[in-house]
Amino acid sequence: MQLQPLTILVLCTGNSCRSIIGEALINHLGEGRFRGLSAGSHPTGQVNPGALAVLARHDIVPENPGSKSMDDLEGEDIDLIITVCDSAAGESCPVWLGDTPKLHWGLPDPAHATGTDEQIAAAFEATYQQLERRLKALFAVSLDELNQKGLVQCGEEIHQQMGDL
């Protein structure tokens, strides 16, 4: 019997950087067990070129990247929502109504990075690295542990352990 992949929605405000990187990483690292989607509460309408550049540096080609509203995903069967807004920067997180399990992995928005081209690229790289480490750790959790603790609790533990890396 073939199990359906778990669908993970990465939500942020603008859906131009962090959530785009998260969606691409889920689809890349998920190996068919996980399917990534992304959306925003106030989408910018375009994908930040820095997000596409960092993915390209890691040989990840996102499938049809686009900045879209979370309203566009109404009716989509979603197993987990990960919000990546940075509440420490006063950014309000999108609110997804319904009983879908939710996890918060707050990350600074690299779209607001300033400085030289190298410094801006480093901000995108830091976002990529944090998301990659957390997702790899989440995907490595055994089915027994997921059944025992639950996906959200495992994700929260990963966030706490890796929050300052």
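Trainee: How many disulfides does the count come to in this model?

Mentor: Zero disulfides, going by the distance rule. Keep in mind that this is a predicted model.

Trainee: What makes C12 fail as a partner for a bond?

Mentor: A disulfide needs two cysteine sulfurs within 2.5 Å. The closest cysteine sulfur to that of C12 sits in C17, 7.6 Å away, so that's too far for a bond. Coming from the other side, C17 has its closest cysteine sulfur in C12, again at 7.6 Å and too far.

Trainee: Okay, and why is C12 called buried?

Mentor: The cut-off for buried is under 20% relative accessible area. C12 comes in at 2%, so it counts as buried.

Trainee: How do you know whether C17 is buried or exposed?

Mentor: Hold it up against that cut-off of under 20%. C17 has 1% relative accessibility, so buried is the word.

Trainee: On to the helices. Why are α1 and α3 called oblique to each other?

Mentor: Helix α1 (residues 18-29) and helix α3 (residues 117-140) pack at about 40°, with axes 10 Å apart. Roughly parallel would need an angle under 35 degrees, and roughly perpendicular runs from 65 to 115. An angle of about 40° fits neither, therefore the pair is oblique. Their crossing is right-handed, by the way.

Trainee: Which residues of α1 and α3 meet?

Mentor: From α1 you've got R18, I21, G22, L25, I26 and L29. They meet F124, T127, Y128, L131, E132, L135, K136 and F139 in α3. Sorted by type, the contact has nine nonpolar, two polar and three charged residues.

Note on methods: Residues are numbered from 1 along each chain as its sequence is written. This is a predicted model: local features need pLDDT of at least 70, side-chain atom pairs count only at pLDDT 80 or more; totals for chains, interfaces and linings use all residues. Side-chain values use heavy atoms; hydrogens and water are left out. Axes are lines fitted to C-alpha atoms, for helices over the stretch in contact, and angles run from 0 to 180 degrees between N-to-C directions. Helices (H or I, at least four residues) and strands (E, at least two) are DSSP runs, numbered from the N terminus. Angles under 35 degrees count as roughly parallel, over 145 as roughly antiparallel, 65 to 115 as roughly perpendicular and the rest as oblique. A crossing is left-handed if the near helix is turned anticlockwise from the far one by less than a right angle, and right-handed if clockwise. Contact means heavy atoms within 4.5 Å. Ala, Val, Leu, Ile, Met, Phe, Trp, Tyr, Cys and Pro count as nonpolar, Asp, Glu, Lys and Arg as charged, and the others, Gly among them, as polar. Buried means under 20% relative accessible area, exposed over 50%, partly exposed in between (1.4 Å probe, protein chains only).
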